[in-house]
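Student: I have a model in front of me and want to learn to read its pockets. Where do I start?
Tutor: Start with the empty space, then ask what fills it.

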Amino acid sequence: MLSSSQGKLVRNGEDKKAVICIEGNIASGKTTCLEYFSKIGNIEVLTEPVSKWRNIRGHNPLGLMYQDPTRWGLTLQTYVQLTMLDRHVSAIAAPVRMMERSIFSAKYIFVENLYRSGKMPEVDYAVLTEWFEWITTNISMPVDLIVYLQTSPQTCHERLKKRCREEEKVIPLEYLESIHQLYEDWLINRTTSPLSAPVLVIPADDNLEEMLHRYEENRDKILPPSHAS
Ligand code: 8LK
């Protein structure tokens, strides 16, 4: 699966395949976006491995994290980092891969949020940061485009109430506001870290019908020329 090139581990023989990451707040509409593109054909769509985060050998680290972030934040985020790494290095099954979030948002958004809100002890943050830096230094995880579904935290809060994922019932508006701010700092203000991929911003506060229309309109900007039409 991996081989070594110039000291970095790389996926074998897949340089020409495009990797697109869909980023955005909780309930920003990422799933709808991925569903739209999954129907186009010849695109591999990878949704977030949430089922793994909810059940690892009978345990639910996602639920535990929401109930007691200080105790379980490191546990969840260690596993998130592993499962996202696995996605980034797995063999690509089509000419285009679209994935929901990335190992980068795991670190720059969710780990950062736990730490900055005082819910993650500094030593836990240091351990996760060392892991992240080792991974990004030693393993090649190229991304060709980041699509940012830009929403207001209020819209996400409204959508969350309708969605009713059990673990997410405890999410307050303030949490969504913090996640929003971290996304804006990373992808718009660019104050978090140097970005290694271009960013396409798509306003995503509108209803389903409008959003599908917007994806249609942006199809040529999102997909490589071989797929656009
Ligand atoms: O996205 C599904 C749920 O998981 C949502 O409630 C937010 C949470 N989550 C998290 O705590 N840490 C994460 C991600 C999602 C995604 C990444 C990359 N890191």
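**Reading the pockets**

Tutor: The largest pocket has a lining of 34 residues, and I26, A27, K30, R101 and R163 lie nearest its centre. Keep in mind that this is a predicted model.

Student: How is such a space found?
Tutor: Rolling a probe the size of a water molecule over the atoms shows where empty space is left. Here, the largest pocket holds about 490 Å³ of space.

Student: Which helices supply at least two residues each to the lining of the largest pocket?
Tutor: They are α1 (30-38), α2, α3, α4, α5, α7 (153-163) and α9 (208-222). The most comes from α4, which gives four residues.

Student: How does the lining of the largest pocket divide into nonpolar, polar and charged residues?
Tutor: Sort the residues by class and count. This lining has 17 nonpolar, eight polar and nine charged residues.

Student: Where does the ligand sit?
Tutor: The ligand is in the largest pocket. Two or more residues of the shell around it come from each of α2 (50-54), α3 (61-67), α4 (69-89) and α5 (103-116).

Student: Which residues come nearest to the ligand?
Tutor: Look for protein atoms within 4 Å of the ligand. There are 16 residues around it, and E48, Y66, R101, F110 and E168 come nearest. R101 is also among the residues nearest the centre of the largest pocket. By class, the shell has 10 nonpolar, two polar and four charged residues.

Student: Which side chains have an N or O atom paired with an oxygen atom of the ligand?
Tutor: For a polar contact, look for N or O pairs within 3.5 Å. The side chain of E48 places an N or O atom 2.6 Å from a ligand oxygen. For R101, the distance from a side-chain N or O atom to a ligand oxygen is 3.2 Å. Q77 pairs with a ligand nitrogen instead, also through a side-chain N or O atom, at 3.2 Å.

Student: How much of the ligand does the protein cover?
Tutor: Compare the ligand alone with the ligand in place. On its own it has 420 Å² of accessible area, and the protein covers 99% of that.

Student: What lines the second largest pocket?
Tutor: Its lining includes M65, Y66, P69, N113 and Y175. The elements giving two or more residues to this lining are α3, α5 and α8 (173-187). By class, the lining has eight nonpolar, two polar and two charged residues. The space in this pocket is about 170 Å³.

Definitions and conventions: Residues numbered from 1 in each chain as written. Predicted model: local features only at pLDDT ≥ 70, side-chain atom pairs only at ≥ 80, totals over all residues. Heavy atoms only, no water. Polar contact = N/O pair within 3.5 Å; in protein donor to acceptor, adjacent residues only side chain to side chain. Areas by Shrake-Rupley, 256 points an atom, 1.4 Å probe, with all protein chains shown as cover. 1 Å grid on protein atoms, 1.4 Å probe; cavity = no way out; pocket = protein on both sides within 12 Å on 5 of 7 lines; lining within 4 Å. Sits in = over half its atoms within 2 Å of the grid points. Nonpolar A, V, L, I, M, F, W, Y, C, P; charged D, E, K, R; others polar. Points joined across faces, edges and corners; volume = space filled by probe spheres on them.
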